[in-house]
Amino acid sequence: MKRAISLGFAVFLIAASLKISAQEVAQTNVKPVSNSLELVSKLQPVSFNYDKAWAEKLKLPSTSQYGFVGADAKAAVPSVVAVQAKQYPAGKNAYNSATLTKVDYESLIPLLVGSIKEQQKQIEELKNELRSLKSQASK
């Protein structure tokens with residue numbers, strides 16, 4: 001029984017070390033983002049609809065969408081915005097191309113988490129300051 005536990009633990013260690021090694025190979029220049037709140041604050045959420053004719057041509061949703069205006073998002077956080085060419089039919093065996101600005105919403109998640117953490121730090125600092133002021137006032 002003891003040998004089985006040791007063997008299982010050894011397999012776990014090997015698996016864990018392989019996982020860590022793979023991550024280390026894939027990620028380089030890892031450093032914390034310190035200005036998340038500033039970046040996120042520049043983003044202006046909007047609701048919008050795609051133009052009906054373009055929505056049909058490019059097979060875009062016709063329902064109301066939430067997101068960001070591509071040019072505004074690019075000005076605020078350029079690394080999460082890409083310009084993509086999308087082809088649409090323009091006759092028999094012919095295609096035209098339209099340019100779409102796409103925001104990578106998944107890439108915004110780390111910035112959102114970072115901004116929440118920055119705000120929480122500010123809240124804690126304000127709580128401490130308030131406690132200090134209250135204790136000074138009660139003396």
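A residue counts as buried here when its relative accessible area is under 20%, as exposed when that area is over 50%, and as partly exposed in between. With that in hand, let's walk through this predicted model. Of the 139 residues of the protein, 18% count as buried. The accessible surface comes to about 11,400 Å², and carbon and sulfur atoms account for 58% of that area.

It helps to have the overall layout in mind before looking at details. The protein has five helices and four strands, and reading along the sequence gives the pattern α-α-β-α-β-α-β-β-α. If you take the contacts between residues at least 6 apart in sequence, 45% of them join residues at least 24 apart.

A good place to start is the pair of strands just before the last helix in that pattern. Strand β3 covers residues 81–89 and strand β4 covers residues 95–103; the two run antiparallel and are joined by nine bridges. To find your way along the pair, look for Ala 85, which stands opposite Thr 99 in β4. Together β3 and β4 make a hairpin, with five residues between the strands.

The turn of this hairpin deserves a moment. Gly 91, which lies in the turn, has a positive phi of about 125 degrees. Asn 93 belongs to the loop between β3 and β4 as well, and its phi is also positive, near 55 degrees, in a residue other than glycine. Why point that out? Most residues other than glycine have a negative phi. Asn 93 is exposed, because its relative accessibility of 74% is over the 50% cut-off.

Another positive phi outside glycine turns up at Lys 59, where the value is near 60 degrees. Lys 59 sits in the loop between α3 (52–58) and β2 (65–67). Its relative accessible area is 69%, so Lys 59 is exposed too.

Now let's turn to the interior. In soluble globular proteins, nonpolar side chains tend to be buried together. In this model the largest nonpolar core has 12 residues: Leu 39, Val 40, Leu 43, Phe 68, Ala 73, Ala 76, Val 77, Val 80, Val 81, Val 103, Leu 108 and Leu 111. Three elements, α2, α4 (70–76) and α5, each give two or more residues to this core. A second, separate core has six residues, among them Ala 55, Leu 60, Tyr 88 and Leu 100.

Which residues does Val 40 touch, beyond its neighbours within four places in sequence? They are Leu 111, Leu 112 and Ser 115. Of these contacts, Leu 111 is also a member of the 12-residue core.

Ser 36 tells a related story from helix α2, which spans residues 36–41. Ser 36 is a polar-looking entry in the sequence to check by eye, and is it buried or exposed? With a relative accessible area of 1%, Ser 36 is buried. Leaving aside neighbours within four places in sequence, Ser 36 is in contact with Leu 111, Gly 114, Ser 115 and Glu 118. Those four residues fall within helix α5, which runs over residues 105–137.

Next come the charged side chains. How many salt bridges does a search of the whole structure find? There are two. One joins Lys 42 and Glu 38, whose side chains meet at 4.0 Å, N to O. Lys 42 is partly exposed, because its relative accessibility is 47%. The other links Lys 127 with Glu 124, and here the closest N and O atoms are 3.9 Å apart. Lys 127 and Glu 124 are three residues apart in helix α5, so about one helical turn separates them. Both ends of this bridge are partly exposed: Lys 127 has a relative accessibility of 41%, and Glu 124 has 34%.

Finally, have a look at the aromatic rings. The structure holds three aromatic pairs. One of them is formed by Phe 48 and Tyr 50, whose ring centres lie 5.3 Å apart. Is this pair stacked or edge-to-face? The angle between the planes is 85 degrees, so the pair is edge-to-face, as angles over 60 degrees are classed that way. Phe 48 is partly exposed, with a relative accessible area of 22%, and Tyr 50 is partly exposed at 29%.

How values were computed: Residues are numbered from 1 along each chain as its sequence is written. This is a predicted model: local features need pLDDT of at least 70, side-chain atom pairs count only at pLDDT 80 or more; totals for chains, interfaces and linings use all residues. Side-chain values use heavy atoms; hydrogens and water are left out. Two strands pair if DSSP finds at least two bridges between them. Buried means under 20% relative accessible area, exposed over 50%, partly exposed in between (1.4 Å probe, protein chains only). Contact means heavy atoms within 4.5 Å. A nonpolar core is a set of buried Ala, Val, Leu, Ile, Met, Phe, Trp, Tyr and Cys residues joined through side-chain atoms within 4.5 Å. Accessible areas come from the Shrake-Rupley method with a 1.4 Å probe; for residues, only the protein chains shown count as cover. Rings of Phe, Tyr and Trp (its six-membered ring) pair if their centres lie within 6.5 Å; planes under 30 degrees apart count as stacked, over 60 as edge-to-face and the rest as tilted.
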